[in-house]
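Dear colleague,

I am handing over the structure we spoke about, and it is placed just below. My notes on what was found in it follow, and I would be glad if you read them with the coordinates open.

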Amino acid sequence: MKLREARRRLPVVESLPPGRGRRVLPPPRGAVQRPALAVWEFTRACDQRCKACGPRAGVARPDELTTEEALRLVDELAELGVGEVALIGGEAYLRADVLGSSDASASAG
Ligand code: SF4
């Protein structure tokens, strides 16, 4: 299926319908807002060539974090109070240190 045909079948939604009674409560006075979730592109490296991904994945960025930097970032995310980290890629498992970083994230809470 060509991209144009895919877009015709799956039109891009310009806006979401209004919520029915759902609203976001303001934070309590004096409370510091903290991110609850971090989505971390662990690497751009990928050994697949999915059409949906296009040229975005494939080769690791030259400036991706080292293992030491990644572990430091885990500590910083924990200090911020981030409760959940989603490791994405590329293919995160192409980095040998992904399990150590994932374990460190789980240990950090
Ligand atoms: S990053 Fe995901 S979507 Fe992109 S080529 Fe790799 S496996 Fe496919």
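Let me begin at the end of a helix: directly after H2, Gly81 adopts a positive phi of about 95°. The model is a predicted one, and helix H2, which covers residues 67-80, is where confidence in the chain is highest, at a mean of 91, while helix H1 (residues 3-9) is where confidence is lowest, at a mean of 64. The length of H2 can also be checked against expectation: because each residue should add 1.5 Å, its 14 residues should span 20 Å, and the end C-alpha atoms are indeed 20 Å apart. Over the chain as a whole the pLDDT averages 81, with 83% of the residues scoring at least 70.

As for the overall layout, the chain contains 3 helices and 2 strands, and these follow one another along the sequence in the pattern α-β-α-β-α. Of the contacts between residues at least 6 apart in sequence, 78% join residues that are at least 24 apart. Buried residues account for 11% of the 109 residues in the chain.

One residue that illustrates both points is Val85, which sits in strand S2. Val85 counts as buried because 20 C-beta neighbours lie inside 10 Å of it, and 20 or more is what the term requires. Once its neighbours within four places in sequence are set aside, Val85 is in contact with Ala38, Trp40, Leu77 and Ser105. Val85 and Leu37, although separated by 48 residues in sequence, have C-alpha atoms 5.8 Å apart in space.

The stretch that follows strand S2 deserves a careful look on your side. The peptide bond from Gly89 to Gly90 is cis, with omega near 25°, and Gly90 belongs to the loop between strand S2 (84-88) and helix H3 (98-108).

Both of these glycines also appear in the surroundings of the ligand, where the shell consists of Cys46, Gln48, Arg49, Cys50, Ala52, Cys53, Ala57, Gly89, Gly90 and Glu91. By character, the residues of that shell divide into 5 nonpolar, 3 polar and 2 charged.

When you go through the model, which peptide bond is cis? It is the one from Gly89 to Gly90, and I would be grateful for your view of it.

With best wishes

Note on methods. Residues numbered from 1 in each chain as written. Predicted model: local features only at pLDDT ≥ 70, side-chain atom pairs only at ≥ 80, totals over all residues. Near = placed C-beta within 6 Å. Nonpolar A, V, L, I, M, F, W, Y, C, P; charged D, E, K, R; others polar. pLDDT = per-residue confidence, 0-100. Helix = DSSP H or I, 4+ residues; strand = E, 2+ residues; numbered from the N terminus. Buried ≥ 20, exposed ≤ 12 C-beta atoms within 10 Å, placed from the backbone. Contact = placed C-beta atoms within 7 Å. Expected span 1.5 Å × (residues − 1).
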